[in-house]
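Work through the exercises below with the coordinates open. Each task is followed by a solution in steps.

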Protein chains: 2
Amino acid sequence: MTLKEQVLHLGKQARAASYELSQLTTEQKNTILLAMADGIDTQATTILDANAIDLAAGRDKELSPAMLDRLTLDKARLASVADGIRQVASLPDPIGETLDHWTRPNGLDIEQRRVPIGVIGIIYESRPNVTSDAAALCFKTGNATILRGGSEAFHSNTAIATALQQSGSSAGLPDHSIQLIPSTDRETVKHLAEMHQYLDLIIPRGGKGLIETIVSLARMPVIKHYDGICHIYIDSAAAIDLAVALTIDGKCQNPGVCNALETALVHQDVATAYLPAAAAALRERGVELRGDNASLSHLGENATPATEDDWSTEYLEKIISFKTVASLAEAVSHINEYGSHHSDLIVTTDEAAATRFMNEIDSSGVFWNASTRFNDGEEFGFGAEIGISTDKLHARGPMGLRELTSYKYLIRGTGQLKSQPAK
Amino acid sequence: MTLKEQVLHLGKQARAASYELSQLTTEQKNTILLAMADGIDTQATTILDANAIDLAAGRDKELSPAMLDRLTLDKARLASVADGIRQVASLPDPIGETLDHWTRPNGLDIEQRRVPIGVIGIIYESRPNVTSDAAALCFKTGNATILRGGSEAFHSNTAIATALQQSGSSAGLPDHSIQLIPSTDRETVKHLAEMHQYLDLIIPRGGKGLIETIVSLARMPVIKHYDGICHIYIDSAAAIDLAVALTIDGKCQNPGVCNALETALVHQDVATAYLPAAAAALRERGVELRGDNASLSHLGENATPATEDDWSTEYLEKIISFKTVASLAEAVSHINEYGSHHSDLIVTTDEAAATRFMNEIDSSGVFWNASTRFNDGEEFGFGAEIGISTDKLHARGPMGLRELTSYKYLIRGTGQLKSQPAK
């Protein structure tokens, strides 16, 4: 078989598995999930041995320390992989839920019912724990999964997938429910993205380059997890202490994530109160400061001028840009134009200003007096998430189990014909 | 400006309009819709004159009678275009609805609220009424629309769009809410499909060729309206009269639509009762009959053998294929394999059989004792529809106003920080 035929074969098998998966009860699925979690524990040595091979190769290839860290598994990380599966087992099952139900004047009874999507492809980079996280979430929602991990983690991914398949199988997991593409040839990404007859959805988890490649290749829906250019806006009616605390939290608690802050907009009436205080606290934490002309004089000596590019840059590190605005309307325009429609925050004691901001900002999460870092499936109470969607279709913001489902209509009749008037 | 720059300019304008549109009240939108309906009435002569130009050109190009008919507007059709807009005004507005609302243990108040998608591109073929239908539905849901109609209807589309813009504008329609691409150059389709920075969704309305072109070009979500290979399954416990009536209704009431029947599967225990009766009734209505070996002998003399291709063909005309199956399971397998996951029907008096069929068939509409022709937005009570989606993401089956919306999360806090434990 050619590589393309191999991928198509996996697709055909996944489609067949998806029909079986859609009929499993919640109890059956949870039993299988708990068996898979135990399988990770039982096969820990095998998985860690495989990981050691990947790590040795990674060192030879001189991967960065950050990449090597993402690639590394140890007993503790593996235990949390297994616990992650147990947590998915404990979550409510959205499948089978009646979303809507009504009767038409002609007597037709129409039920809208939540069902699995079918077959989901996941393409990801170096973290081997995605193999298990993604498979568990997709399985809980009755979907078949085809995984395509990064080449650096190939042995780790294979060992984890094998552990899930073997332990799941002994508890009733339908064959081919969870399949890992047994090749890291770049062509397999293309074959997967073009396989619209077997794949209902493709989710790239990784950097912008990976996502853009998938978007340009894919013949089926893609749910994208792009970057977050997130803002804090300090309204004229803001409590300055809180504004500073939320700036620090959003920028410093974890600068490398999508819901971290990149730009602070401050109303001119409170610029002299907020900017020096924020600048001092940020500088203390090693954050580089950039500002527009109006802000710069309040930011202290090490601050540098912000350029037009700064407003649309996701730094993902300890850099922040400041801009002074004349009104809430100017802040809203700036955020909708330069932001990435991810997570944006207003600090104010004025409810009318907060309401206007939350209504007019076009982002997945609009915050009032709370950190943008809370735009996250775990923090929303979804229990687990596949990512934070930057799309507006199907899933927007944190993607939990519910966002891995579709629906169908069940129409019950008593002989209604289109060609006849209602009985 | 190049053609590409022109399309990008329309996109930029539409994005700006979308922010204004998202803030309109239901009352404002309905006032504008009623003004647009009146605008169609007022400018009827201008629109019909433009249509006459398209029709003359169509006759010169020797368009088929069916295409010319689709292209033709007259006073009655134009009145129904205006009434369609009035009907959209009368429908409930889904925007602003709270979809979910909960409080987290740390006090964060999370509201999931229905909002517009943003900017929607509609690419369509010869029917000029789509200009108005699509614009009205998208506008009611607070979306900006960029329309790209077929070249045959260019003058009609332009006249209709102008009438909508002018009459809408006088009632408060934000500029650039409804824009028609003023060119039918094929390149504009490509430019539109690649304009992901301004277009949130693209909906092709037309034949398979058009849809496939868009899918291969689009860098943003596409909602597809593909074909319907729809089935009726006559269970061993079926009432034969009803089975025949539903076969006739599904095949003959309007054979050229996506929810019409293409294949009838019959349980072997009732094949001798159903097949001759169905064949006689269909033949009387001029339907060509094809069958597998087991069915053929019961179908009468003019029936011909069905080939493998028949099972996956959308005839869209008076042809039907029959297959005899040994069990409900065989029917389900056949439908899931050869069907297009559109609309499928079981005829039975056995509730357990119906439940199994509806659970296991993976189609947008699964019917029990009612015609597949009811898989339609109007019949579902949606009031108006943009089409019947064959996708499983975001919208599946009839797409009404609700399916033209997205959501966002509004998170209200009291100073919650990620870096601090809950207060």
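## Exercises on the contact between the chains

**Exercise 1.** Find the residue that stands opposite A:Arg412, and describe the strand pairing between strand 16 of chain A and strand 13 of chain B.

Solution. The model is predicted. Step one: A:Arg412 lies opposite B:Trp368, a residue in strand 13 of chain B. Step two: strand 13 of chain B covers residues 365-370, and strand 16 of chain A pairs with it in the parallel sense, over five bridges.

**Exercise 2.** How many residues of each chain are in contact, and which elements of chain A supply them?

Solution. Step one: count the contacts, taking C-beta atoms placed from the backbone and lying within 7 Å. This criterion puts 57 residues of chain A in contact with 56 residues of chain B. Step two: assign the chain A residues to elements. Helix 9 (208-217), helix 10 (240-252), helix 14 (351-360), strand 13 (365-370) and strand 16 (405-416) each give at least two residues to the side that touches chain B. The largest share, 11 residues, is from strand 16 of chain A. Step three: sort that side of chain A by residue type, which yields 24 nonpolar, 20 polar and 13 charged.

**Exercise 3.** What turn and shift lay chain A on chain B, and which residue of chain A comes closest to the rotation axis?

Solution. Step one: a turn of 180° with a shift of 0.0 Å along the axis lays chain A on chain B, with an RMSD of 0.1 Å. The two copies are therefore related as by a two-fold rotation axis. Step two: of the residues of chain A, A:His394 comes closest to that axis, its C-alpha being at 1.9 Å. Step three: compare the contact residues. Of those in chain A, 98% recur in chain B, and the same surface serves both copies.

Terms used. Residues are numbered from 1 along each chain as its sequence is written. Chains are lettered from A and ligands numbered from 1 in the order in which they are written. This is a predicted model: local features need pLDDT of at least 70, side-chain atom pairs count only at pLDDT 80 or more; totals for chains, interfaces and linings use all residues. Two residues are in contact if their C-beta atoms, placed from the backbone, lie within 7 Å. Helices (H or I, at least four residues) and strands (E, at least two) are DSSP runs, numbered from the N terminus. Ala, Val, Leu, Ile, Met, Phe, Trp, Tyr, Cys and Pro count as nonpolar, Asp, Glu, Lys and Arg as charged, and the others, Gly among them, as polar. Two strands pair if DSSP finds at least two bridges between them. Copies are superposed by least squares on the C-alpha atoms of residues with pLDDT of at least 70 in both.
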